[in-house]
Amino acid sequence: MLAPLIGAAVNGLLNRRIPRQAAGLLACTTVGISFVLSVVVFLRLTGMPAEERFLSDILTTWMGFGRFQVDLGFAMDPLSAIMALIVTGVGFLIHIYSLGYMAHDDGFQRFFTYLNLFIFAMMTLVLGENLLMLFVGWEGVGLCSYLLISFWFNEEANAAAGKKAFIVNRVGDFGFLLGIFLIGVNLMPHLGAGEGVFSFKVLQHHAGVLAPAATAICLLLFVGATGKSAQIPLYIWLPDAMAGPTPVSALIHAATMVTAGVYMIARMNFLFVLSPTAMQVVAVVGAATAIFASTIALTQNDIKKVLAYSTVSQLGYMVLACGVGAFAMGIFHVMTHAFFKALLFLGSGSVIHAMSHEQDMRLMGGLRKKLPVTYATFLVGTLAIAGVFPLAGFFSKDEILWKTWASGNTVLWVVGFIAAGMTAFYMMRLVVLTFYGENRAPEEVKSHIHESPATMTAPLVVLAVLSIVGGWVSIPHFMGGGAHFEQWLEPVFAQPEVVHHAADTAHGAAAHAADTHGAEASHGSHDTTMEWILATASFLWGLLGLAVGWVVYMRKAVIADTLRKSGGGFMYRVLHNKYYVDELYEAVFIRPGFRLSRDVLWKTIDAGLIDNFLVMRSALVTLLAGSVLRIFQNGMVRFYAWSISIGLAVFVIYLSFSG
Amino acid sequence: MEITLTHYLVLAAALFLTGMTGFIIRRNAIVMLMCVELMLCSVNIVFAAFSRVHGDAGGHVFVLMNFAVAAAEAAIGLALLVEIFRRRRTVNVDDLKALME
């Protein structure tokens, strides 16, 4: 974890003075080192018995007064291990990709500095031993996101996008912090000596104490997650974040940072299961986001925007998984999504690079022949995200849908199911518009189209392979697999006995979902059939989505146009303009806020009250006092003599009468 | 009539008051200095008188010290005054207001 930090520091300080090769090499190496180390620790964890898989390294006490103690420490357990592997592994591939993509850019060194810094912050987030360390990393990745989105800050739009990302994130963080405070307040009276108040181990141990406040706490924490992981209503920054360089979109906004929210929820699973209400809210928001974003993605013309909304939608799935108690599946989807989404983004970057930075799909087409590797890997990614067996996406998405169904949330299942179909559809649309048909680009762009260099295509291939095999680590039971992923994460998500009973009496369905043992037990009974049915259904549905997309956009691109112009005109406009959400926020929040700060706070209070009243008055007091005392400074010697005599007389009189 | 301590004290008081009044009223700096000398003189008389009454030689010693101080002060005062006159052609104290606010 320190390696990327060193890389960031060196690159940042030396910046221009070292040649580009060195900077890039250094950055990639540091991440590579991190990855290797992550693998090492992972293997070490596998060697340990399941219950004890926990390594921690507490460096020092960060804050401590009285019983309030927070340590500066890092911990590695199965969950962090997975996240660490994802972050460093995919991060490493993206670093290599960036060597090629950013080769012609002036800010080459600066880019790698920020990238390394990001990896460092993300590692802090996932390896943090307690909630505050997580938050440090949380803020750190927010900062890096801002830096990287507005990387080409000479364009006003890019800077604005960066600001938007950070500010929206901040709003979420506000809720997050309130949640943290609530935890602290509720937990403090029950702590033993020397127990770090926000340490995850401690929190898990004392979870029962927090039960009454659990709903409030979890909802607040979830607000933070909506900001970071782009759920409704705080997803608005993610599409705008596409203003940043494509590797940034791949790393931060597909594979890692946006999954921080999901990670946090999974980390705090013991708290979330105490509050069925919060879980339900999480699930509903997740499902709603999934389908909402899918609908928007159907009409976007910018290749990266489609992927951005796709990310929001997929994040919705992950959140949905956590909401129904399938935390392991949420994380599983994090992993598979990291693979295929990074692949898709990097692939789109390859396309954009080839098209001289043109991103509008309406000007693309027929790139299949000119960019063979990109095309092939991109197709793999598309199949993965559409949930086609046996690629990775099928396993993770299908498991999520299954768990949703099994927890009794049939409506949510339907929502997720429909969204999955849409996903397949718009992805196919993207593929067809980009790679098939006639090339619609202007002449000078067309002449420059070329396949990308090896530094860019190699990671694409690796990710494609991972997208294919990534799902195989957790073939669910009903298919004869060992559900290894779920087993691996069991110690993290196992619920203590007390919670079992409380949840059982409270809400039967949620308890069923929260109990991973229960899920395994159920497969032996009638539910296996249902699993098969659902799995096949989603597989076929995904294929259908792909097929429809193919037909519509390959054969009759005209169909889309006529649909648009006729009855679907209104619908199209709404979707294309993203439901006017940004405009809504602008009207409701931004403009009143601006007016408030300018007229009330600035003019009235600052200029009027403070400047005028307080400051001037105190100056006047001094002036008045001065003018009074000036009388005694007249330079007249006789006056001075006279005053001395008076004083002497008074003194003598006083003495003679008090003696 | 017997010359008692009281006579001496009254004399000293009269001298002192005369000196002080003169110091306040007169405008000529040289005259002011002379009034200061008067005041110092009256103090001398008081010390000498009390010294005689209590048989304590300390009073006499202080009188001698007083002489020295008066002499020094007169010297300095006059030197300053001469210098002021050279610059401003006046010894009228009312005209020396340069330190006024």
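## Where the two chains meet

Let's start at the meeting point of the chains: ten residues of chain A are in contact with eleven residues of chain B. Sort chain A's side of that meeting by class and you get four nonpolar, four polar and two charged residues. Keep in mind as you read on that this is a predicted model.

## Chain A from a distance

Now zoom out to chain A. Its 659 residues include 50% that count as buried, and the chain holds 31 helices and two strands.

How do contacts in chain A spread along the sequence? Take the contacts between residues at least 6 apart in sequence: 80% of them join residues at least 24 apart.

## Two helices side by side

Two packed helices are described by the angle between their axes and the distance between the axes. Here's a pair to try that on: helix H5 (residues 131-149) of chain A packs with helix H6 (residues 156-187) of chain A at an angle of about 170°, and their axes are 8 Å apart. Because of that angle, H5(A) is roughly antiparallel to H6(A). The crossing of H5(A) past H6(A) is right-handed.

Which residues do the touching? From H5(A) come Leu131(A), Phe135(A), Gly142(A), Ser145(A), Tyr146(A) and Ile149(A). The H6(A) side brings Asn158(A), Ala161(A), Gly162(A), Ala165(A), Phe166(A), Asn169(A) and Ile180(A). By class, this contact has eight nonpolar residues, five polar ones and no charged ones.

## A closer look at Met133(A)

Stay on H5 of chain A for a moment, since Met133(A) lies in that helix. Is Met133(A) buried or exposed? Met133(A) has 25 C-beta neighbours inside 10 Å, so it counts as buried.

Met133(A) also shows how the chain folds back on itself in space: Phe74(A) is 59 residues away along the chain, yet the C-alpha atoms of the two are separated by 8.1 Å.

## The nonpolar cores

The largest nonpolar core has 169 residues, and the members that touch the most others are Phe118(A), Ile265(A), Leu320(A) and Ala342(A). Helix H15 (residues 327-354) of chain A supplies the largest share of this core, with 17 residues.

What does Leu320(A) touch, leaving aside its neighbours within four places in sequence? Its contacts are Ala283(A), Gly286(A), Ala287(A), Ala290(A), Ile400(A), Thr404(A), Leu412(A) and Gly416(A). There's also a second, separate core of five residues, and Met20(B), Ala29(B), Met32(B) and Cys35(B) are among them.

Key. Residues are numbered from 1 along each chain as its sequence is written. Chains are lettered from A and ligands numbered from 1 in the order in which they are written. This is a predicted model: local features need pLDDT of at least 70, side-chain atom pairs count only at pLDDT 80 or more; totals for chains, interfaces and linings use all residues. Two residues are in contact if their C-beta atoms, placed from the backbone, lie within 7 Å. Ala, Val, Leu, Ile, Met, Phe, Trp, Tyr, Cys and Pro count as nonpolar, Asp, Glu, Lys and Arg as charged, and the others, Gly among them, as polar. Axes are lines fitted to C-alpha atoms, for helices over the stretch in contact, and angles run from 0 to 180 degrees between N-to-C directions. Helices (H or I, at least four residues) and strands (E, at least two) are DSSP runs, numbered from the N terminus. Angles under 35 degrees count as roughly parallel, over 145 as roughly antiparallel, 65 to 115 as roughly perpendicular and the rest as oblique. A crossing is left-handed if the near helix is turned anticlockwise from the far one by less than a right angle, and right-handed if clockwise. A residue is buried if 20 or more other C-beta atoms lie within 10 Å of its own, exposed if 12 or fewer, and partly exposed in between; C-beta atoms are placed from the backbone. A nonpolar core is a set of buried Ala, Val, Leu, Ile, Met, Phe, Trp, Tyr and Cys residues joined through C-beta atoms within 7 Å.
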